[in-house]
Amino acid sequence: MQIEAKIKEAFEILEKRVPLVHHITNYVTVNDCANVVLAIGASPIMADEESEMEEMVSLADALVLNIGTANERTIASMLKAGSVANAKNIPVVLDPVGVGATTFRRESTQKLLDAIAFSVIRGNRAEMKTLAGREAKSSGVDSRDEGDDGINITQDLAQKLGCVIAMTGKEDIVCHAKECYTLHNGDKALQNVTGTGCMSSALIGGFVGATHDPLLSAILGISTMAIAGEIADKSKGISSFKMALIDTIGVMNGSLMLEKIEIKQIF
Amino acid sequence: MQIEAKIKEAFEILEKRVPLVHHITNYVTVNDCANVVLAIGASPIMADEESEMEEMVSLADALVLNIGTANERTIASMLKAGSVANAKNIPVVLDPVGVGATTFRRESTQKLLDAIAFSVIRGNRAEMKTLAGREAKSSGVDSRDEGDDGINITQDLAQKLGCVIAMTGKEDIVCHAKECYTLHNGDKALQNVTGTGCMSSALIGGFVGATHDPLLSAILGISTMAIAGEIADKSKGISSFKMALIDTIGVMNGSLMLEKIEIKQIF
Amino acid sequence: MQIEAKIKEAFEILEKRVPLVHHITNYVTVNDCANVVLAIGASPIMADEESEMEEMVSLADALVLNIGTANERTIASMLKAGSVANAKNIPVVLDPVGVGATTFRRESTQKLLDAIAFSVIRGNRAEMKTLAGREAKSSGVDSRDEGDDGINITQDLAQKLGCVIAMTGKEDIVCHAKECYTLHNGDKALQNVTGTGCMSSALIGGFVGATHDPLLSAILGISTMAIAGEIADKSKGISSFKMALIDTIGVMNGSLMLEKIEIKQIF
């Protein structure tokens, strides 16, 4: 099937299924994540008590793990949630926020990678370089490290970890071992709003909960945020822009996506 | 006193007392809850460290417990806070978010119900059915389960638990053992914003902290959100709608409430 | 150097350095704090797992500690983070939210004061009176306690604690032991939005991470919020006002600050 037909179908399935997306995520951007999941037509739930993970994950269509403000307790809940999701064939998305910043984040992420089969891992260049074992120039949770070897890193990591890798930055790269795309939407104003990365990962959760197609979902989640960033009014300031972003995600559909998406297949 | 006179008086007391509403609530919608409590003219405080519950609750005029992202630690804090509130005759509101979803939520809620005398319990149909011991069709924290036995469930639960039960849905039902109302305001767009239920519970906390009248407070808290949902501009998208909701709550008063409220006494 | 020249320079340094501001803060206002730090041109990070504090703080240019929803676990993380910051000469800002409300808050704040050398402590009048050991009329986290001895309290506290004290209220007072200013910007509408105090402290973190000048940073952080409160549109309601506040902070710069700031040197 052509990518165009698959995109159109993905939005149809999303509308029909209204997937429940369970998040164990950070408390900084959690409200925006819940609202973008609603905006795209999915249903969010946030819960992190380990003793309820088995039942809660079982109700969900997708699981999103985000280590932005993780602690020992919530990492344990993530490990439990991920193993339940794997056992029940529920797709799992990882957002390894700031993984290069501390030993705790590196080791926690390694535990997650060892224990859980992820469908999609989305992060910025520095985070992906850390996962790939390459030296990253990290400045906390943000990354301005750019270069021309992004496709190699993404492809290597996809092969090594056996899942879809989505590296967001000036250009976005989405690969699995045998297929790779670059995405060319977006606006630099997105850097001025906290949580656009977290929200992209949440959107991927919505799409993959509907379609069970990790590659397509990574493309659509990232492109939804990027295209909203192009369309949303930036003239009134950064908080108005954030509101306009979520408003715009609320009107995203297959036709608008097909009209706007700029995607190039690398292999 | 007629309901009209009581509504007018409630807003006057609220304006005069500026009640302090203590919340132990979820981290998804907490900022919106704080802002609607301010918008209605009350004063919010959020705190969940068990060792400060005795003093913090003692300062408050109402306590709102919301289990949306509860964990073992915060449930312990809720139990402590509730018992202090009861001892000091401070009204307590419960929002049993997603109670049917997991054993942890059911058992934690049962512990809260066993230990604390609540003034108002507000939830959606599925949550109320779970509390009533009936089988609920739950999909995480949201509920689209509708039917025509809502009044029976609400009334039974009010009798069983000895407090005001507020079941929100297509029509809202507010009952205590001897009195029951249906409320007919609202807009389906409210489903597209995360936290409108949590915010309604927070608003009930504001009203009951001022009036100490649980039935009236449940009616006013729910109607404030529902009427704001009718008035607030929906044309710009869901995030703009959320902002307009809180803006509208900020101008709610007795006259506007009396002009807009659609309430029917069942018994 | 004159204050005018210092203000202009501060914004230039901020723009050049883009300081990373690490927060251990409350979950009520955390998203707004992250967005104002971005709006002013700094970079926010929020993390509270004790075992990553040493590395995370080491990456930061400033640390902001806010006890709004602190618990035993996060106070331990604050103690660790503060001691690392002190060892590395990274400035630390304290926001002792509601310190007078409970023994837990008083004792936790005392532990922080005993262990950490702060650059700036910002709070409302009741919080500062509590720190000064004077009786405060506290109503939870908000304070409407006004009087004419604010300068004395602020100056005494600055001498006692050996750091810059910023007491916000109807007039804002910023002192260290040998220098004291009153600030006369602001709008009473700021009281209607949750988190304007927290956001001011976060902004101070941004400025002090850039300039390492605590007195100037306290003046600029507070004045940024106060001037935004004057400029931002209040006609549409309190949620729109909050959005406009952050939009306005996003266009704050040295020229606008110098045009608007109303500052008076007391000694």
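**Exercise 1. State in which element of chain A the residue A:Arg125 lies, and decide whether A:Arg125 is buried or exposed.**

Solution. In this predicted model, A:Arg125 belongs to helix α6 of chain A, a helix that covers residues 125-131. The next step is the relative accessible area, which is 6% for A:Arg125; since buried means under 20%, A:Arg125 is classed as buried. One can then look for a partner of the side chain, and a polar contact of 2.3 Å is found between the side chains of A:Arg125 and A:Asp149. Finally, A:Asp172 stands 47 residues from A:Arg125 along the chain, while the C-alpha atoms of A:Arg125 and A:Asp172 are 9.5 Å apart.

**Exercise 2. Describe the surroundings of C:Glu52, and find with which residue C:Glu52 forms a salt bridge.**

Solution. Begin with the position: C:Glu52 is placed in the loop that lies between β2 and α3 of chain C. Its relative accessibility is 0%, and C:Glu52 is therefore counted as buried. Next, list the contacts, leaving aside the neighbours within four places in sequence: these are A:Ala70, A:Thr102, A:Phe104 and A:Arg105 of chain A, together with C:Ala47 of chain C. Two of these contacts can be specified further. With A:Arg105, C:Glu52 forms a salt bridge in which the closest N and O atoms are 2.6 Å apart, and with A:Thr102 there is a polar contact of 2.8 Å between the side chains.

**Exercise 3. Characterise the interface of chain C and chain A by its contacts, its buried area and the composition of the side that chain C contributes.**

Solution. Counting contacts, 25 residues of chain C touch 30 residues of chain A. Interface size is often expressed as the accessible area lost when the parts come together. Between chain C and chain A the buried area is about 2200 Å², and carbon and sulfur atoms account for 54% of that area. As for specific interactions, the interface of chain C and chain A holds two salt bridges according to the rule, and twelve residue pairs in polar contact, with both residues at pLDDT 80 or more. On the side of chain C that touches chain A, the elements giving two or more residues are α2 (30-39), β2 (43-46), α3 (53-59) and α10 (238-249) of chain C, and the most comes from α2(C), which gives six residues. Sorted by class, that side of chain C consists of 14 nonpolar, five polar and six charged residues.

**Exercise 4. Determine by what turn and shift chain B and chain C can each be laid on chain A, and explain why the copies meet through different surfaces.**

Solution. For chain B, a turn of 120° with a shift of 0.0 Å along the axis lays the chain on chain A with an RMSD of 0.0 Å; this is the relation of a three-fold axis. For chain C, the superposition on chain A likewise needs a turn of 120° and a shift of 0.0 Å along the axis, and the RMSD is 0.0 Å. The copies use different surfaces, in that 8% of the contact residues of chain C recur in chain A. For chain B, only 7% of the interface residues are also interface residues in chain A, so the copies meet through different surfaces. As a last step, locate the axis: B:Tyr27 comes closest to the rotation axis among the residues of chain B, its C-alpha atom being at 3.6 Å, and in chain C the residue closest to the rotation axis is C:Tyr27, at 3.6 Å (C-alpha).

Key:
Residues numbered from 1 in each chain as written. Chains lettered and ligands numbered in written order. Predicted model: local features only at pLDDT ≥ 70, side-chain atom pairs only at ≥ 80, totals over all residues. Heavy atoms only, no water. Contact = heavy atoms within 4.5 Å. Buried area = accessible area lost by both parts, 1.4 Å probe. Salt bridge = Lys/Arg side-chain N within 4 Å of Asp/Glu carboxyl O. Polar contact = N/O pair within 3.5 Å; in protein donor to acceptor, adjacent residues only side chain to side chain. Helix = DSSP H or I, 4+ residues; strand = E, 2+ residues; numbered from the N terminus. Nonpolar A, V, L, I, M, F, W, Y, C, P; charged D, E, K, R; others polar. Least-squares fit on C-alpha atoms with pLDDT ≥ 70 in both. Buried < 20%, exposed > 50% of the residue type's maximum accessible area, 1.4 Å probe, protein only.
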